[in-house]
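Let's take a relaxed walk through this model, a few spots at a time. Keep the sequence and the 3D view open as you read.

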Amino acid sequence: MKLKILLRIYLMTLFYTATVYGQPILNWNKVFDYNGHQDQPYQIIANDSGDIYVIGQTEITNNPQTNFDALILKYNRLGNLQWYRKHSLATSGDDVFIKALVTEVGNILVTGNMQVGSTTKILNILYSATGDTIWEDVQNYSGFWPYNVRNIFKDESRYYIVDAHYTIADSVNILVFSYKKSGEFIGVKFSENFYGAPIDLKFIESDSTLLLTYNDRPNLMQRRPLITKIKINGEKVWEKLLIDTTTSIEAIKTTIDDEGNIYTISNQRDFGNTVCYLTKLDKYGDLIWNRIFFFRDDYFASAIDLFINSTDQIRITGTYQYWDGNTTEYGTFTTSYDSSGNQIQFDQQQISLPIQFWATPKLDEADNIYIPLTVVAPSTYTDILIAKINSNDVLEYEKIYSHNNNPNITDDAAEIILFGEDNYAIVGREGGPVSPLNILVLRYGDNITSVVEDSKVLPYEFALSQNYPNPFNPSTKISWQSPVSSWQTLKIFDVLGNEVITLVNEYRNAGNYEINFDAGKLSSGVYYYQIRAGEYVQTKKMLLIK
């Protein structure tokens, strides 16, 4: 009998341990407060080392009617603030950073606005990993009010900053700003004659086109979801009305599978929003199928995102609210479809606290969904709750952040970024009833106790190594080192001195680099590769044998 009791206690201990330690640990939480002013985050991104960047804006004074400055912060993996930069070109208006992109070499490209009266200037800056300004460009477009949907895309040679925004009478313009990676401004293209609200913007790298999802407004009470494909020069390729009905329906999100098929989730727009629409188009804009998903009666529900998981299923997630006349239930839901449009599964996940807002969910490689929620705490102030829904559509855990359970502190979630399963960072805001809201960053995951330093020591001299292998067919590796940060180019020449290809043409930090050169389209013979880094120039010979 005593042995059975001990065994039962042991098994219960194992279960309790698995339950508690199966959840991620809050490694650190940081609040950025710029001189007691109000701060607003818009995006959180990370580099390959796990350093975190937050972009947004901060008040110049405590008066909400005065100007805002654009703001970017950098934290390392331990949560130490490495640097921050404010940008305030506008002397009597607002500056804001909206979107950011970590480049291939670890620099950070940010885009934002400078608003002065009715004039909006587009601000684009490339920062180094240490916060130095590599290049900056301001484009003046008086009369526009950009930022409805803004994003940054890139291909092998250029950066594209795309802005879809209202002008007048629900007219939408799309601006495409093109830059060489050196920062040279190539130009801007306009695409006009869209009427409605931009919702989602995707870049299709295979053919350098844009996919815009938007909702037009035939009348005051109706919305209709549309998708249009646009060339990077502004030329419209095709446009498709997703659902042709007199009912008001709004597109929410669009995603693209590996074959170029396009999936869009839409919500019916009326009280008791219980109908969702999933639409599939092929890459040419032709309708493949439309599916209608009816939520349970007496529930107010909305789809908020969709994903394509590892088994090529289309997985939709959303939130719901139900009131039976006495109590209110809050929760999330998930439903899955196969590529033929057959519904596979539907589940609800009840959340323990009332949901006030939600941030964009994310899907990890194990098909777990993480939804950052702003919930109403028992004290009536808001807390942050991360709901993890596993691949079987089961609510695996709720992770609540409540600032040491202080009832006088309000927390809300703005965005989440994933590093792996149960390994993520969240940016939001934190403040009190009379104090301004400041930027809050939470880092969850395995217990991080130290930063693993790069084992490679920074070089003390320039050097260009012999390519390997040499001779080669068809590819070879070229490596070099630079002791200083500088603009670097790596070019290939033939025996006559004609430039064949430019492999690198951008600002790089001091360090060791290696690149793969594929000469599959070249003929056999002798070629030369040349590195330029600042004033340093060196050339070496290599032999291609086919």
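## Charged pairs

Lys180 makes a handy starting point: at 37% relative accessibility, this residue counts as partly exposed (buried is under 20% relative accessible area, exposed is over 50%, and partly exposed lies in between, using a 1.4 Å probe and protein chains only). Before going on, keep in mind that this is a predicted model, where local features need pLDDT of at least 70 and side-chain atom pairs count only at pLDDT 80 or more, while totals for chains, interfaces and linings use all residues. Residues are numbered from 1 along each chain as its sequence is written, and side-chain values use heavy atoms, with hydrogens and water left out.

So who does Lys180 team up with? Its partner is Glu184, and the two form a salt bridge whose closest N and O atoms are 3.5 Å apart (a salt bridge puts a side-chain nitrogen of Lys or Arg within 4 Å of a carboxyl oxygen of Asp or Glu). Glu184 is partly exposed too, with a relative accessible area of 44%. How many salt bridges does the structure hold? The count is 20, and here are some of them with the accessibility of each partner.

| Salt bridge | N to O distance | Glu, relative accessible area | Partner, relative accessible area |
|---|---|---|---|
| Glu184 and Lys180 | 3.5 Å | Glu184, 44%, partly exposed | Lys180, 37%, partly exposed |
| Glu499 and Lys491 | 3.6 Å | Glu499, 44%, partly exposed | Lys491, 25%, partly exposed |
| Glu506 and Arg508 | 3.1 Å | Glu506, 9%, buried | Arg508, 11%, buried |

Look at the last row again: Glu506 is buried, and Arg508 is buried as well. Salt bridges can also join up into a network, as they do for Lys388, Glu396, Glu421 and Asp422.

Arg508 has another contact to check out. Its charged end sits over the ring of Tyr513, 4.7 Å from the ring centre (that takes NZ of Lys or CZ of Arg within 6 Å of the ring centre and within 35 degrees of the ring normal). Elsewhere, Arg443 lies over the face of Phe419, 4.1 Å from the centre of that ring.

## Strands side by side

Now for the strands. Find β35, residues 475-482 (strands are DSSP runs of E with at least two residues, numbered from the N terminus). Which of its residues are on the covered face? They are Thr476, Ile478, Trp480 and Ser482, while Ser475, Lys477, Ser479 and Gln481 make up the uncovered face.

β35 pairs with strand β34 (residues 463-464) in the antiparallel sense, over two bridges (pairing needs at least two DSSP bridges between the strands). Here Ala463 stands opposite Gln481. β35 also runs antiparallel to strand β38 (residues 511-518), with eight bridges joining them, and Ser482 stands opposite Gly511 in β38.

There is also an open sheet of four strands in the order β1-β33-β32-β31, paired antiparallel. β1 (25-32) and β31 (410-420) stand at the edges with a single partner strand each, so one side of each is left without a neighbour in the sheet. From one strand to the next, the twist averages 20° (the angle, which can run from 0 to 180 degrees, is between N-to-C directions of lines fitted to C-alpha atoms). At the β31 edge, nine bridges pair β31 with β32 (residues 423-431) in the antiparallel sense; Asp412 stands opposite Arg429 there.

## Rings and a proline

The structure holds 26 aromatic pairs (ring centres of Phe, Tyr or the six-membered ring of Trp within 6.5 Å; planes under 30 degrees apart are stacked, over 60 edge-to-face, and the rest tilted). Take Phe293 and Phe346: their ring centres are 5.4 Å apart and their planes meet at 50°, so this pair is tilted. The pair links distant parts of the chain, 53 residues apart, with Phe293 in strand β21 (residues 287-294) and Phe346 in strand β25 (residues 343-351). Phe293 is buried at 7% relative accessible area, whereas Phe346 is partly exposed at 29%. Both belong to a cluster linked by ring pairs, along with Phe295, Tyr299, Tyr320, Tyr322 and Phe333.

Last stop: Pro354, in the loop between β25 and β26 (355-358). Is Pro354 buried or partly exposed? With a relative accessible area of 28%, Pro354 is partly exposed. Leaving out residues up to four places away in sequence, Pro354 touches Tyr330, Thr374, Val375 and Val376 (contact means heavy atoms within 4.5 Å). The C-alpha atoms of Pro354 and Gln321 are separated by 8.8 Å, though these two residues are 33 residues apart along the chain.
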